[in-house]
Each structure stands twice: as structure tokens, then as C-alpha cells.
Amino acid sequence: MGRGLRYWLAAPEASPLDPCDVPVALGALLLRAAASDYRDVLGEAALIDAVLARRHDLTAAEAAEMRATCEAVAVWAPETAIFAALLCEAVAYRDRLALALCLCDVLAADPAALVLAEAVLGVPQGALTRDLREG
């Protein structure tokens, strides 16, 4: 996993993103965000592991392994804003929403998580607060 995603990152306009690569791509995007503008929100690997575990129903060890794969992909990804824009076009809204809801759940609906979800995952804060109330 990840090799096909690296090729897609080199030429995203050449072919669609393989659905099997979506979880790793979104995880890599979270890592990119954590390394840049959102260090205060997601600076700890344990938080990203918790988000990945919740979203994909993983054990702590499986989530750490997935994060390692995401880290390998994140090295090849463009800067955060460009990567986010690419994934907002290539990844279905429902997949981005599901990850955003897990992010908000893990971070106990921290307002910074809502901002991150909108800016990086392309999920409007209003949609998240509505889903969190209904959830």
C-alpha cells in the first residue's frame, strides 16, 4: 500500500485515485497538516493514531502501522494546501466527512478540529456540528 499513491501524486491528472489508497492518502494529509499549520491540534502521533483507529476500526498497533505507511506517503505529497485541494477533488465527500467526524470525536469537538476539518478536508463546519449533534 502506498506505492500506487506515490505514482498518483506524481501525476494526479493522469488517472483517478484508487479507492484502496484513499485511507492512506487522507492519513498522509492529516500528517502533513500536523507538521505545518495544525501542529498545536494534531502534533502528537498518538492523536493521529487515535483518529485512524476510530475511522478504520483498528487496534493501537494497527493504527501505528497505518500511520507509518501514511508517513512514507506524506514525504512524497505536495505542500499541505495543494495536497488538500487534490484530495478534495479526488476523494468522495462522504469519506472526508467520516474522517472529519472521527477527528472531531477524538479531539472532543475542539473548535480547532472543526477549523482543520474545513480547511484541510473540505468539510464545512456547519455540516460537522449538525452531524455531531445528530450523531
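This is a short walk through the structure, stop by stop, for you to follow in your viewer.

**Stop 1: the whole chain**

Begin with the full protein chain as a cartoon, keeping in mind that this is a predicted model. You should find nine helices and zero strands, so a colouring by secondary structure reads α-α-α-α-α-α-α-α-α from one end of the sequence to the other. The radius of gyration is 14 Å, close to the 14 Å that the globule rule gives for 135 residues, so the chain is as compact as a globular protein of that length. If you draw a box around the C-alpha atoms along the principal axes, its sides come to roughly 40 × 30 × 25 Å.

Now think about how the chain meets itself. Among contacts with a separation of 6 or more, 65% join residues 24 or more positions apart.

**Stop 2: the surface**

Switch on a surface next. The chain exposes about 6,900 Å², and carbon and sulfur atoms supply 54% of that. Then colour by charge: there are 11 positive and 19 negative charges, and their mean positions lie 2 Å apart.

**Stop 3: the core**

Hide the surface and look inside, where 42% of the 135 residues count as buried. In soluble globular proteins, nonpolar side chains tend to be buried together. Here, the largest nonpolar core has 46 residues. Select Leu-17, Leu-42, Leu-87, Leu-116 and Leu-128 as sticks, for these have the most contacts inside the core. Helices that each supply at least two core residues include H1 (3–10), H4 (45–56), H5 (60–74) and H8 (111–121). Which helix gives the largest share of this core? That is H2, with 10 residues; select 22–35 to see this helix.

**Stop 4: Leu-42**

Centre on Leu-42 and show what surrounds this residue. Leaving aside neighbours within four places in sequence, Leu-42 is in contact with Leu-30, Ala-34, Leu-47, Ile-48, Leu-103, Leu-107 and Leu-116.

**Stop 5: Leu-97**

Move on to helix H7, where you will find Leu-97. Is this residue buried or exposed? Leu-97 has 15% relative accessibility, so it counts as buried, the cut-off being under 20%. Add Glu-118 to your selection: its C-alpha atom is 9.7 Å from that of Leu-97, although 21 residues separate the two along the chain.

**Stop 6: Asp-57**

Finish in the loop between H4 and H5, the place of Asp-57. With 71% relative accessibility, Asp-57 counts as exposed. Check the backbone here too: phi of Asp-57 is near 55°, a positive value in a residue other than glycine.

Technical notes:
Residues are numbered from 1 along each chain as its sequence is written. This is a predicted model: local features need pLDDT of at least 70, side-chain atom pairs count only at pLDDT 80 or more; totals for chains, interfaces and linings use all residues. Side-chain values use heavy atoms; hydrogens and water are left out. Helices (H or I, at least four residues) and strands (E, at least two) are DSSP runs, numbered from the N terminus. The radius of gyration is taken over C-alpha atoms; the globule rule is 2.2 Å times the number of residues to the power 0.38. Buried means under 20% relative accessible area, exposed over 50%, partly exposed in between (1.4 Å probe, protein chains only). Contact means heavy atoms within 4.5 Å. Accessible areas come from the Shrake-Rupley method with a 1.4 Å probe; for residues, only the protein chains shown count as cover. Lys and Arg count as positive and Asp and Glu as negative; His and the chain ends are not counted. The place of a charge is taken as NZ of Lys, CZ of Arg, CG of Asp or CD of Glu. A nonpolar core is a set of buried Ala, Val, Leu, Ile, Met, Phe, Trp, Tyr and Cys residues joined through side-chain atoms within 4.5 Å.
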